[in-house]
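Reader: I'd like to go through this model and ask how each label was earned. Can you set the values against the cut-offs as we go?

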Amino acid sequence: SREELKAFLIARLRVFYEEELDVPLVVFDEVLEHILRIDRVLRQPMGHCLLVGDAGAGKTVLSKFVSWMNGQSIFQIKA
């Protein structure tokens, strides 16, 4: 169910904060949807995605979180 998924992700986020980042993330329904989308794409063979949006919207944190959950590494191209 959605509530079980939310509880699971919040628990994983707590561990992620402690191990990787010191940036709190507010979890609401749209964040859950973005996490699920990123997860679906990154689980595909050769899966990759381009996240576009406003600065400070959480794109980097969410992609790092999903990658961390799946045991994957990421890299960023900086201009």
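Reader: Which residues do ring pairs link into a cluster?

Author: Phe 16, Phe 65 and Trp 68. Before we go on, this is a predicted model, so local features need pLDDT of at least 70 and side-chain atom pairs count only at pLDDT 80 or more, while totals for chains, interfaces and linings use all residues. Residues are numbered from 1 along each chain as its sequence is written, and side-chain values use heavy atoms, with hydrogens and water left out.

Reader: What makes two rings a pair, and how many aromatic pairs are there?

Author: Rings of Phe, Tyr and Trp (its six-membered ring) pair if their centres lie within 6.5 Å; planes under 30 degrees apart are stacked, over 60 edge-to-face, and the rest tilted. By that rule the count comes to three aromatic pairs.

Reader: Why is the pair of Phe 16 and Trp 68 called tilted?

Author: The ring centres of Phe 16 and Trp 68 are 5.2 Å apart, which fits the distance rule, and their planes stand at 55°, which is neither under 30 nor over 60 degrees, so the pair is tilted. Phe 16 sits in helix α1 and Trp 68 in helix α3, so this pair ties together parts that are 52 residues apart in sequence. The helices here are DSSP runs (H or I, at least four residues; strands would be E, at least two), numbered from the N terminus.

Reader: How do you know whether Phe 16 and Trp 68 are buried or exposed?

Author: Buried means under 20% relative accessible area, exposed means over 50%, and partly exposed is in between (1.4 Å probe, protein chains only). Phe 16 comes in at 2%, so Phe 16 counts as buried. Trp 68 has 17%, so Trp 68 is buried too.

Reader: And what makes the pair of Phe 65 and Trp 68 stacked?

Author: The angle: the planes of Phe 65 and Trp 68 are at 25°, with the centres 6.2 Å apart, so the pair is stacked. Phe 65 and Trp 68 both belong to helix α3, three residues apart, about one turn of the helix. Both of them are buried.

Reader: What qualifies as a nonpolar core, and which residues touch the most other members of the largest one?

Author: A nonpolar core is a set of buried Ala, Val, Leu, Ile, Met, Phe, Trp, Tyr and Cys residues joined through side-chain atoms within 4.5 Å. The largest has 14 residues, and Phe 16, Ile 35, Phe 65 and Val 66 touch the most other members. The elements giving two or more residues to this core are α1 (2–19), α2 and α3. Setting aside residues up to four places away in sequence, Ile 35 touches Leu 9, Leu 62, Phe 65 and Val 66, where contact means heavy atoms within 4.5 Å. In soluble globular proteins, nonpolar side chains tend to be buried together.

Reader: Why are α1 and α3 called roughly perpendicular?

Author: Axes are lines fitted to C-alpha atoms, for helices over the stretch in contact, and angles run from 0 to 180 degrees between N-to-C directions. Under 35 degrees is roughly parallel, over 145 roughly antiparallel, 65 to 115 roughly perpendicular, and the rest oblique. The axes of α1 and α3 come within 11 Å and cross at roughly 100°, so the two helices are roughly perpendicular to each other. By class, their contact has eight nonpolar, no polar and three charged residues. In that scheme Ala, Val, Leu, Ile, Met, Phe, Trp, Tyr, Cys and Pro are nonpolar, Asp, Glu, Lys and Arg are charged, and the others, Gly among them, are polar.

Reader: What about α1 and α2: what makes those roughly perpendicular?

Author: Their axes come within 11 Å and cross at roughly 80°, so α1 and α2 get the label roughly perpendicular. Among the residues making the contact are Leu 5 and Leu 9 of α1 and Leu 32 and Ile 35 of α2.

Reader: Why does Met 69 count as partly exposed?

Author: Met 69, in helix α3, has 22% relative accessibility, so Met 69 falls between the buried and exposed cut-offs. Leaving aside neighbours within four places in sequence, Met 69 is in contact with Leu 9 and Arg 12. The C-alpha atoms of Met 69 and Arg 12 are separated by 7.7 Å, though the two residues are 57 apart along the chain.

Reader: How do you know that Met 46 is exposed?

Author: Met 46 has a relative accessible area of 76%, so Met 46 clears the exposed cut-off. Met 46 is found in the loop between α2 (29–42) and α3 (59–69). Its phi is near 60°, a positive value in a residue other than glycine.
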